[in-house]
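The following report describes a single protein chain, beginning with one residue and moving outward to the whole fold.

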Amino acid sequence: MEAITVRDLLTAVGGTLIGPETSLDRTVSSVDTDSRDIHPGSLFLPLVGERFDGHTYIGSALEAGAAGCLTAREPEHYQEGRFYIKVEDTQRALRDLAFWYKEQFRIPFVGVTGSVGKTTAKDMIASVLSVKYKVLKTEGNFNNNVGLPLTLLRLDRSVQIGVVEMGMDRFGEIDYLGDIVRPEVGVITNIGDAHIEYLGSREGILKAKCEIFDHLKENGLAVLNGDDALLDTVTLPQRIVRCGQSEHCQVRIHDIVDHGVDGITCTVTTPKDTYAVSIPAPGEHMAYSASMAVAVGEELGLSREEIIRGVAAYEPTGSRMHVIRMPEGRVLLDDCYNANPQSVTAALEVLGRTDCERRVAVLGDMGELGDLTDQAHYNMGALAAMLGIDFLVAIGPKAVKIADGAAQSGGAVLHFSTKEEALQTVKEQLQPNTSMLIKASHSMRFERLTEDLRKYYD
């Protein structure tokens with residue numbers, strides 16, 4: 001973050017300076033929302049949630065070195081040498097500050113959302129653009145109403161393009177984020193069942209995701225999955241490029257060759273050029289992220305060679321189909337960051353194509369599926385059996401239905417209530433020359449299984 005003055009802060013958030021400190025020229029060069037992790041000279045911004053109130057920690061944040069704070073309440077005590085800015089609502093102030101700050105940098109932004117694969121698409125697009133430009137991208141899960149503003153506040157004068165991910169589980173959230181970013185390029189990867197519990201139907205999910213286009217620049221570009229039936233119904237005053245294998249797609253994927261855990265190769269054809277790309281991550285679904293990155297790369301002025309090089313340089317973020325090779329031919333497919341029916345289906349297909357003697361799936365609960373919960377979990381178990389997965393470990397209360405689906409489809413399966421109960425069986429199933437998929441919704445914390453397995457076999 002570039003240094004900004006108290007004067008700038010007052011302008012950005014529409015606040016009032018209170019307390020003994022009256023200097024308008026004092027500066028801050030970072031914004032902290034966690035009082036346990038304060039950077040010297042930062043601005044502390046206390047957020048308020050259902051179970052917490054950051055105002056409680058203003059004193060400790062200032063004592064830890066913050067230069068000042070925003071506050072929606074009149075402090076009981078003021079600390080000498082610290083500034084206080086009164087605002088109506090600190091969450092809104094974070095939004096206003098991020099928007100004001102972002103507007104100081106006249107650079108293009110790419111906004112990415114979708115039910116499945118938005119992080120993969122964001123990382124792929126950033127990988128391509130980074131060949132030519134200095135790129136700021138969303139890190140980790142900083143894709144919500146707190147994380148996205150904090151991402152924008154990381155901008156500095158060296159950044160040439162921003163690639164930001166937008167997550168949501170309710171109507172209005174993409175609208176909120178899009179109004180901050182106002183992207184030149186808006187990307188939707190697909191429309192699936194994630195968050196259907198809150199949005200009612202896939203049509204509802206489509207409507208919520210398309211809120212991104214309410215804030216797309218007039219001369220902007222929408223990049224859509226052209227093989228998604230619901231996204232095919234989208235019409236916009238802005239330009240649309242559809243990416244996929246269907247004949248009507250302007251960016252066509254063809255000649256996909258699956259190289260197992262080593263990734264895939266494919267050809268992407270656009271009206272401008274043809275790209276033979278090599279993607280160092282498994283699964284044919286990766287071709288969609290690559291094709292969208294090609295479309296964005298062309299839009300933002302990259303050459304053919306730069307785009308191909310950027311796709312080849314892609315690296316997955318965290319536990320997103322992270323291939324871990326272990327002793328005696330063991331292969332761990334760490335895909336435990338999150339799960340929904342579409343992503344589990346893709347992951348099981350990757351597992352089914354791995355070149356090992358045995359294939360084992362460790363699947364846990366999928367969240368926020370509403371009325372689809374039982375059937376969706378059952379279907380995943382049945383699919384595992386149909387794909388010839390040798391053994392399935394189902395973990396969690398909802399995963400009982402995964403076990404039912406596998407068993408009733410002729411698969412070998414065991415169900416456990418918790419990952420702690422399942423751990424010994426999971427270790428035993430990761431035999432020599434075995435590939436094992438680990439996948440569940442993030443709330444299941446399956447990364448602990450991955451950590452235990454790595455420690456056990458390293």
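Arg242 is found in strand 13, which covers residues 239-244; here strands (E, at least two residues) and helices (H or I, at least four) are DSSP runs numbered from the N terminus. Because its relative accessibility is 12%, Arg242 counts as buried, a class that means under 20% relative accessible area, with exposed meaning over 50% and partly exposed lying in between (1.4 Å probe, protein chains only). Leaving aside residues up to four places away in sequence, Arg242 touches Leu224, Gly226, Leu231, Asp232, Val234, His248, Cys249, Gln250 and Val251, where contact means heavy atoms within 4.5 Å.

The model is predicted, so that local features need pLDDT of at least 70 and side-chain atom pairs count only at pLDDT 80 or more, while totals for chains, interfaces and linings use all residues. Residues are numbered from 1 along each chain as its sequence is written, and side-chain values use heavy atoms, with hydrogens and water left out.

A second element to consider is strand 22, residues 434-439, which is largely enclosed by the rest of the structure because six of its six residues are buried. In a regular strand the side chains alternate between the two faces of the sheet. Both faces of strand 22 are covered, with Thr434, Met436 and Ile438 buried on one side and Ser435, Leu437 and Lys439 buried on the other. Its pairings are set out below; two strands pair if DSSP finds at least two bridges between them.

| Strand paired with strand 22 | Sense and bridges | A bridge pair |
|---|---|---|
| Strand 18 (residues 330-334) | parallel, four bridges | Val331 with Ser435 |
| Strand 19 (residues 358-364) | parallel, six bridges | Ala361 with Leu437 |

Turning to the chain as a whole, there are 15 helices and 22 strands. The C-alpha trace spans about 75 × 55 × 40 Å along its principal axes. The radius of gyration is 24 Å, which agrees with the value near 23 Å for a compact globule of 458 residues; this radius is taken over C-alpha atoms, and the globule rule is 2.2 Å times the number of residues to the power 0.38. Of the 458 residues, 57% count as buried, and among contacts between residues at least 6 apart in sequence, 63% join residues at least 24 apart. The chain exposes about 19000 Å², of which carbon and sulfur atoms supply 46%, the areas coming from the Shrake-Rupley method with a 1.4 Å probe.
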